[in-house]
Each structure stands twice: as structure tokens, then as C-alpha cells.
Amino acid sequence: RTPVRMNLVALLFAGAAIILTGLAAPSEAMAGWLAGGSLGTAKTYDYEVGGPIDHIDDTDFAFRVFGGYTFMRNFGVVMSYVDLGEVTADGPAFGGFTDTLPAKGLDFSAMGILPVAKQFGLFGTLGLFLWQQDVHYKDPSGNYDYEDEGASLSYGVGANVDLTPAHTYGIHIAYQVFTNVGDNDNSGHEYDRSFVSVGFVYRFPSK
């Protein structure tokens, strides 16, 4: 699990370095309200069911919508609704089973911002993810539905490129990890999930 995360982070910063080669002036990032959204891929790590598995799809389409506020040029806060898609699995364990685990939640994060050039910057986030995971499990003994709810740590890194000199519109790439999503004591399923995304951000003009 750790090598996968490190490789994704390395790719993220490699892409940021390529973008940076075309930019040279100091950053003029502004403070104020922002909103946006992103699309990407979510992955769930180390799924298990306590028996043999034939097929598992631990990667799915995911999306996020968010809003927040940046203070000065180096700090902000962001609230996001995140849909992490679902995990599906089946196999011969327990006489034959199927399992589906969709997850979603609200993320509240502090954001550190590192302006690098006039229209380019890096950012990191650290926050609290209020998650909900629905588990739909079936084997010969019956159908079992569980609803897991809880809160856990989230963290991430990313890069932002402004599309206008006024910093009103921008695109970003981001990698975020949501730890310990699920409840082993309730459903028997608790996993880390990650989200790699590309998105759009709009910064409201200051009055």
C-alpha cells in the first residue's frame, strides 16, 4: 500500500515540475472565497473477507464538490463532499459470496499553500473525513446490509495552475488519502481509500 501512494505522489510532483518550467514570475495568489469540483479515480486498499476471493474491483470513478476560503496567500480551509465510488468482490468463500461497499462523506480540511510562480502553486491538506460506508453482503446464509458511520483522518497534496492573470479560474490535480473508512466492529470492513483527481476551481472576485 505505501509504495503505491509514494509512486502517485512522485508522479504528481513530476507533473508539477513540468508545468513549472513554463512559469517564472513570483506568485500573486489572492485571498477570498473559492468553489469547485473534481473528477477522478478512487482506490480501496487491502480488501479481505476472511476467505478465498475470485474477483475484486477496488478502483472506481469518484468525484468531489467543494467550497472554502483562503487567508492571505499561504493558508485556507476547505469543505468537500466526496463520493469515493464502491468496491465490489465475489468468490467461493462461505459457499459463495458477493460484496459491495460504496463510500462517501464530508471532508473538512486545513490547506497550506505554497505559491511557486505567478500562476502556479502547490498545496497540502490535513483534515477530518466524516464518512458513511454502506455494505451489501450476500452468501448462502442470507443477505446482510450494514451502515458504517464515523470520522477519520484525511491528508493530501496537489498543484494548482491559474488560467487567468487575475487568478479567478484555475485547474488543479490532487492526491488525497482517507484513512480507516468503515467499521470492523459493525460490518467487518475498514480500509484506507485514496482519490486521484483533476478539477476546476473558481475564486470569487474580491469586492
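Aromatic rings are a good way into this predicted model: the structure holds 12 aromatic pairs. Take F97 and Y137 to begin with. Their ring centres are 5.9 Å apart and their planes meet at 20°; planes under 30 degrees apart count as stacked, so this pair is a stacked one. In sequence the two partners are distant, 40 residues apart, with F97 in strand β5 (residues 97-117) and Y137 in strand β6 (residues 120-139). Both rings are tucked away, too. F97 has a relative accessible area of 3%, and because the limit for buried is under 20%, F97 is buried. Y137 comes out at 11%, so Y137 also counts as buried.

Now look at Y202 and F204, where the geometry is edge-to-face: the centres are 4.9 Å apart, with 85° between the planes. Here the surroundings are more open to view. Y202 has a relative accessible area of 23%, which makes Y202 partly exposed, and F204, at 38%, is partly exposed as well.

Between those two in sequence sits R203, part of strand β9 (residues 189-203). Is R203 buried or exposed? Its relative accessible area is 15%, and since buried means under 20%, R203 is buried. Its side chain has company there: a polar contact of 2.7 Å joins R203 to the side chain of D162.

Back towards the start of the chain, there's another group of rings to find. W33, Y69, F71 and F75 are linked into a cluster by ring pairs. To place that part of the chain, follow the strands. Strand β1 covers residues 32-44 and strand β3 covers residues 59-71, and the two run antiparallel, paired over 12 bridges. If you want a spot to check the register, G32 stands opposite T70 in β3.

β3 has a second partner as well. It pairs with strand β4 (residues 75-91), again in the antiparallel sense, this time over 9 bridges. For the register here, look at F63, which stands opposite D83 in β4. β3 and β4 make a hairpin with 3 residues between the strands, and in that hairpin M72 takes a positive phi near 55°.

One last ring deserves a stop, and its partner is a charge. Which residue has its charged end over the ring of Y45? That's K43, whose charged end lies 5.7 Å from the centre of the Y45 ring.

Definitions and conventions: Residues are numbered from 1 along each chain as its sequence is written. This is a predicted model: local features need pLDDT of at least 70, side-chain atom pairs count only at pLDDT 80 or more; totals for chains, interfaces and linings use all residues. Side-chain values use heavy atoms; hydrogens and water are left out. Two strands pair if DSSP finds at least two bridges between them. Helices (H or I, at least four residues) and strands (E, at least two) are DSSP runs, numbered from the N terminus. Rings of Phe, Tyr and Trp (its six-membered ring) pair if their centres lie within 6.5 Å; planes under 30 degrees apart count as stacked, over 60 as edge-to-face and the rest as tilted. Buried means under 20% relative accessible area, exposed over 50%, partly exposed in between (1.4 Å probe, protein chains only). A charge sits over a ring if NZ of Lys or CZ of Arg is within 6 Å of the ring centre and within 35 degrees of the ring normal. A polar contact is a pair of N or O atoms within 3.5 Å; within protein, one must be able to donate a hydrogen and the other to accept it, and residues adjacent in sequence count only if both atoms are side-chain atoms.
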